[in-house]
Amino acid sequence: MAGPAGRLDAVLVCGGRWHDFDHARLRLLELLGEHPRVRTTVYQDYDCEAALDEADLLVTYTCDVRPRPAQRAALARFVERGGRWLALHGTNAVIEPSTGGGPRVFTTPRLLGELAQVLGSQFLAHPPIEPYQVRVTRPDHPLVAGIGPFTVTDELYVCELHGELEVLLHAEYTGPCRGFAEGDSAALDDAPRPVLYLKRHGAGEVCYFTLGHCRGRYDVQDLGVDDTGRVDRGPWRTPEFLTVLRRCVERTVGVRGAAGG
């Protein structure tokens with residue numbers, strides 16, 4: 001519920017591992033800044049329960065940020081009471097790299113608890129980052145109206161799905177996801193991979209957009225790569241991604257015309 005004079009309080013959680021969170025945070029704040037009613041408080045993790053209890057909207061861009069039980073409860077409570085949550089990219093990811101010798105293998109333990117049901121998915125694996133086609137599942141929906149199939153360079157997420165999802169964008173992939181413990185088995189089925197979907201929970205809604213990968217030169221030092229030698233902006237240079245993302249922010253803010261469906 002909006003505060004005095006129509007003010008909307010937003011919480012932005014942006015942080016984690018292996019991504020350029022500075023770039024993502026800046027771009028998301030720019031999009032939120034297009035709405036004068038929105039006042040945003042920024043966090044790097046989910047140590048924001050008090051702010052969530054007062055917030056109207058939540059935007060998250062994380063990777064391997066693991067909310068504690070009390071924080072999971074606060075996130076679920078936020079949506080249940082009518083909050084709007086725009087969850088991006090690795091929000092649903094819990095990832096542990098192997099240690100010791102031999103090839104590195106990433107596991108994806110089920111440590112989100114009830115939050116996987118709220119979000120509607122949990123990350124399992126992705127094939128190598130390369131261009132792939134995103135297809136429009138619901139061309140009549142305001143979030144994707146006028147958007148045709150487009151090619152994007154990003155991580156194609158293979159996820160464990162939970163509950164009833166209204167899928168708006170999807171990709172198709174059947175094949176290996178090398179380097180992930182469940183990668184090969186998870187990607188054997190030929191079901192479409194949701195890229196953008198809506199998930200109702202209580203009186204509120206989660207809008208999940210799996211795109212958004214970006215990485216700077218120094219973001220994987222904990223994996224033994226001091227300097228990747230390149231800056232990867234991925235979908236942040238793709239017009240269709242930026243158009244849909246702006247619409248998702250508008251829907252989360254509650255802008256008329258973006259909230260249909």
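# A guided tour from strand 13 outward

Begin by selecting Glu 205, which is buried, with a relative accessible area of 11%; here buried means under 20% relative accessible area, exposed over 50%, and partly exposed in between, with a 1.4 Å probe and protein chains only. The model is predicted, so local features need pLDDT of at least 70 and side-chain atom pairs count only at pLDDT 80 or more, while totals for chains, interfaces and linings use all residues. Residues are numbered from 1 along each chain as its sequence is written, and side-chain values use heavy atoms, with hydrogens and water left out.

**Strand 13**

Glu 205 belongs to strand 13. Helices (H or I, at least four residues) and strands (E, at least two) are DSSP runs, numbered from the N terminus. Show the residues around Glu 205 next: beyond those up to four places away in sequence, Glu 205 touches Val 79, Gly 83, Arg 84, Trp 85, Leu 198, Lys 199, Arg 200 and Arg 251. Contact means heavy atoms within 4.5 Å.

Now extend the selection to residues 204-209, the whole of strand 13, where six of six residues are buried. In a regular strand the side chains alternate between the two faces of the sheet. Which residues of strand 13 lie on each side? Gly 204, Val 206 and Tyr 208 are on one side, Glu 205, Cys 207 and Phe 209 are on the other, and all are buried.

**The partners of strand 13**

Add strand 4 (residues 84-88), which runs parallel to strand 13 and is joined to it by five bridges. Two strands count as paired if DSSP finds at least two bridges between them. Then add strand 12 (residues 193-201), which pairs with strand 13 in the antiparallel sense over six bridges. Centre the view on Val 206 in strand 13: Trp 85 stands opposite Val 206, and so does Lys 199.

Follow the chain through the hairpin of strand 12 and strand 13. Two residues lie between these strands, and Gly 202 takes a positive phi near 60 degrees. Just before the turn, select His 201 in strand 12. Is His 201 buried or exposed? His 201 is buried, with a relative accessible area of 19%. Its contacts, leaving aside neighbours within four places in sequence, are Ala 76, Val 79, Glu 80 and Val 118.

**Helix 3 and helix 6**

Select residues 69-80 to display helix 3, whose 12 residues reach 16 Å from the first C-alpha to the last, close to the 16 Å expected at 1.5 Å a residue. The expected span is 1.5 Å times one less than the number of residues. Colour the buried residues of helix 3, namely Gln 71, Arg 72, Ala 74, Leu 75, Ala 76, Phe 78 and Val 79. These buried residues pack against helix 2 (49-54), strand 3 (57-63), strand 4, helix 4, strand 12 and strand 13. After helix 3 comes Gly 82, with a positive phi near 115 degrees.

Move on to helix 6 (residues 239-253), whose 15 residues should span 21 Å at 1.5 Å a residue, in agreement with end C-alpha atoms 21 Å apart. Its buried residues include Phe 241, Val 244, Leu 245 and Arg 251. Gly 254 follows helix 6 and has a positive phi, near 100 degrees.

**Three loop residues**

Select Gly 120 in the loop between helix 4 (115-119) and strand 7 (121-125). Gly 120 counts as buried, at 0% relative accessibility. Leaving aside neighbours within four places in sequence, Gly 120 is in contact with Glu 160, Leu 161, His 162, Leu 165, Tyr 197 and Lys 199.

Most residues other than glycine have a negative phi. Trp 18, not a glycine, has a positive phi of about 70 degrees; Trp 18 sits in the loop between strand 1 (8-16) and helix 1 (21-32) and is buried at 7% relative accessible area. Asp 64, also not a glycine, has a positive phi of about 60 degrees. Its place is the loop between strand 3 and helix 3, and Asp 64 is buried, with a relative accessible area of 11%.

**The largest pocket**

End at the largest pocket, which holds about 360 Å³ of space. Of its 18 lining residues, the closest to the centre are Phe 106, His 126, Glu 155, Arg 215 and Leu 223. On a 1 Å grid over the protein atoms alone, a pocket is an open set of points where a 1.4 Å probe fits, with protein on both sides within 12 Å along at least five of seven lines; lining residues have an atom within 4 Å of a point. Grid points are joined across faces, edges and corners, and the volume is the space filled by probe spheres set on the points. The lining divides into 13 nonpolar, two polar and three charged residues. Ala, Val, Leu, Ile, Met, Phe, Trp, Tyr, Cys and Pro count as nonpolar, Asp, Glu, Lys and Arg as charged, and the others, Gly among them, as polar.
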